[in-house]
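Colleague: Hello! Could you take me through one part of this model in detail, in words that suit a first-year student?

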Amino acid sequence: PIRNHQGIPVAILGISVDSAQVTDDLNHFLVELLSIGIAATLIVAAITWVLASNFSRRLSRLEGALNRIMTGQLDISLAVDGRDEVAALAARINQVADSIHSEREKLLLDTIESLVAALEAKDPYTFGHSSQVSSLTVAMSHQLNVKEADIFQFRIAALLHDIGKIGVPDQILNKPGFLDIDERKSIEQHPVIGAKILAGIPALSQVTEIVRHHHARWDGNGYPEPLAGNEIPLGAR
């Protein structure tokens with residue numbers, strides 16, 4: 001109703017509605033609403049799947065790293081991506097691996113140094129020689145920008161380079177005068193003997209070739225084999 005200033009109805013306003021059009025509009029709205037709902041559900045499902053897959057992969061990497069630590073493989077460097085609990089755990093695993101690796105390296109070096117000291121006690125003339133060679137090797141390796149992992153191997157090889165002398169008779173090793181031909185041949189076998197000793201120790205197998213060829217010469221006139229130039233392993237050079 002339309003009222004005048006006194007509040008008395010003076011007219012009726014009517015609205016004509018096309019019920020079919022309203023129904024069509026309502027149906028169209030419902031279809032659009034359903035489409036949007038389905039699309040949103042699919043998007044959420046896709047995002048959830050991606051996140052879940054990524055989380056699963058990260059957990060798998062952590063599990064793999066832990067398994068490697070348990071088997072003694074400590075060359076681990078997990079990617080620390082994000083700030084969530086998984087990232088924090090990955091960082092912690094890296095720290096644990098580094099710590100164990102450092103402790104194992106120290107124990108290995110301490111054991112080797114004790115072994116070398118016992119060996120050099122046989123030959124007072126060269127006592128302390130292996131430690132000096134090791135120090136010089138490490139210093140030169142740093143100057144040559146050798147990788148830290150290789151420097152560690154070079155250091156071990158330098159400490160053990162004369163370990164094969166344990167198989168050389170004392171009367172030859174400590175002979176005060178010149179060596180005859182047969183004695184010279186005997187003592188020139190110490191790199192081969194040393195390499196054979198180390199080859200049977202898994203933790204030291206990587207240094208066998210360095211020990212074997214530490215008497216090689218750049219001109220090829222060294223022993224036990226005539227390697228020359230770049231044929232000689234870098235650690236032996």
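Modeller: Happy to; we will look at helix 4 and the core around it, then at some charged pairs.

Before that, please keep in mind that this is a predicted model, where local features need pLDDT of at least 70, side-chain atom pairs count only at pLDDT 80 or more, and totals for chains, interfaces and linings use all residues. Residues are numbered from 1 along each chain as its sequence is written, and side-chain values use heavy atoms, with hydrogens and water left out.

The score pLDDT is the predictor's confidence in each residue, from 0 to 100. The chain averages 82, and 80% of the residues score at least 70. Among the elements, helix 8 has the highest mean pLDDT (94), while helix 2 (residues 85-120) has the lowest (69).

Now to helix 4. Helices here are DSSP runs (H or I, at least four residues), numbered from the N terminus. Helix 4 covers residues 148-160, which is 13 residues, and spans 19 Å from its first C-alpha to its last. That is close to the expected 18 Å, where the expected span is 1.5 Å times one less than the number of residues.

Which residues of helix 4 are buried? They are Ile151, Phe152, Gln153, Phe154, Ile156, Ala157, Ala158, Leu159 and Leu160. Buried means under 20% relative accessible area, exposed over 50%, and partly exposed in between (1.4 Å probe, protein chains only).

This leads us to the largest nonpolar core. Such a core is a set of buried Ala, Val, Leu, Ile, Met, Phe, Trp, Tyr and Cys residues joined through side-chain atoms within 4.5 Å. The largest one has 21 residues, and Ile112, Ile156, Leu160, Leu198, Leu204 and Val207 touch the most other members. Helix 2, helix 4 and helix 8 each give two or more residues to this core, and helix 4 gives the most, with seven. Leu198 is in contact (heavy atoms within 4.5 Å) with residues including Leu160, Ile163, Leu204 and Val207, leaving aside neighbours within four places in sequence.

Finally, the charged pairs. A salt bridge is a side-chain nitrogen of Lys or Arg within 4 Å of a carboxyl oxygen of Asp or Glu, and by this rule there are five. One of them joins Arg212 and Glu225 at 2.6 Å, N to O. Arg212 lies in helix 8 (residues 208-212) and Glu225 in the segment after helix 8, so the pair ties together parts that are 13 residues apart in sequence. Glu183 and Lys175 also meet in a salt bridge, at 2.7 Å; Glu183 is buried at 16% relative accessibility, whereas Lys175 is partly exposed at 30%.
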